[in-house]
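User: Could you take a close look at one part of this protein for me? I'd like to follow a single residue and its surroundings, and then see how that part sits within the whole.

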Amino acid sequence: YFYSQAISKGSVSLVSVVSGIQPLYVLLIAIILSPFSAKIFREAKEGMIKRKILIMIFMIIGRWFVNK
């Protein structure tokens, strides 16, 4: 619902890019909150944060190529 409403009010490519990088925002929030609640965020213990950041970068680059 919100996706189609955003497209009707703005640029399709801008809405697509913003919706495509939402996982990056979630990852950043998880990185910020991980020292406070390490029991919930297992990624901080297992060293998976670097891998997830690299995957997010590839997602952003791929999204950029699709929208270009």
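Which residues does Val 15 touch, not counting residues up to four places away in sequence?

Analyst: Val 15 touches Tyr 3, Ala 6 and Ile 7 once residues up to four places away in sequence are set aside. Please keep in mind that this is a predicted model.

Let's start with Val 15 itself. Val 15 lies in helix H2, and its relative accessibility is 15%. Because the cut-off for a buried residue is under 20% relative accessible area, Val 15 counts as buried. For a distance to go with that, take Ser 4: Val 15 and Ser 4 are 11 residues apart along the chain, and their C-alpha atoms are separated by 9.3 Å.

The touching residues lead straight to a helix pair. Helix H1 covers residues 2-9 and helix H2 covers residues 12-20. A pair of packed helices is described by two quantities, the angle between the axes and the distance between them. For H1 and H2, the axes come within 8 Å and cross at roughly 145°. The crossing of H1 past H2 is right-handed. On the H1 side, the contact is made by Tyr 3, Ala 6 and Ile 7, while H2 brings in Val 12, Val 15, Ser 16 and Ser 19. Tyr 3, Ala 6 and Ile 7 are also the residues named above as touching Val 15.

Now let's move along the chain to helix H5, residues 49-67. Ile 60 is found in helix H5 and is partly exposed, at a relative accessible area of 30%. Leaving aside neighbours within four places in sequence, Ile 60 is in contact with Ile 21 and Leu 24. Ile 60 can also be placed relative to Val 17: the two are 43 residues apart in sequence, yet their C-alpha atoms are 8.2 Å apart in space.

Ile 57 is another residue of helix H5. Ile 57 has a relative accessible area of 42%, so Ile 57 is partly exposed. In sequence, Ile 57 and Ile 21 are 36 residues apart, and C-alpha to C-alpha the distance is 9.4 Å. Ile 61, also placed in helix H5, is partly exposed at 37%.

Ile 57 and Ile 61 both belong to a nonpolar patch on the surface, together with Ile 53, Leu 54, Phe 58, Trp 64 and Phe 65. The accessible area of this patch is about 710 Å² in total. A patch member needs over 30% relative accessible area; Ile 57, at 42%, meets that cut-off, and so does Ile 61, at 37%.

Finally, here is the wider setting. The protein has 5 helices and 0 strands, so to speak an α-α-α-α-α order from the N terminus on. Of the 68 residues, 13% are buried, and Val 15 counts as buried. The accessible surface of the protein is about 5600 Å², with 71% of that belonging to carbon and sulfur atoms. As for contacts with a separation of 6 or more, 52% are between residues 24 or more positions apart.

Definitions and conventions
Residues are numbered from 1 along each chain as its sequence is written. This is a predicted model: local features need pLDDT of at least 70, side-chain atom pairs count only at pLDDT 80 or more; totals for chains, interfaces and linings use all residues. Side-chain values use heavy atoms; hydrogens and water are left out. Patches are made of residues with over 30% relative accessible area and no salt bridge: like charges are joined within 9 Å, nonpolar side chains (Val, Leu, Ile, Met, Phe, Trp, Tyr) within 5 Å. Accessible areas come from the Shrake-Rupley method with a 1.4 Å probe; for residues, only the protein chains shown count as cover. A salt bridge is a side-chain nitrogen of Lys or Arg within 4 Å of a carboxyl oxygen of Asp or Glu. Helices (H or I, at least four residues) and strands (E, at least two) are DSSP runs, numbered from the N terminus. Buried means under 20% relative accessible area, exposed over 50%, partly exposed in between (1.4 Å probe, protein chains only). Contact means heavy atoms within 4.5 Å. Axes are lines fitted to C-alpha atoms, for helices over the stretch in contact, and angles run from 0 to 180 degrees between N-to-C directions. A crossing is left-handed if the near helix is turned anticlockwise from the far one by less than a right angle, and right-handed if clockwise.
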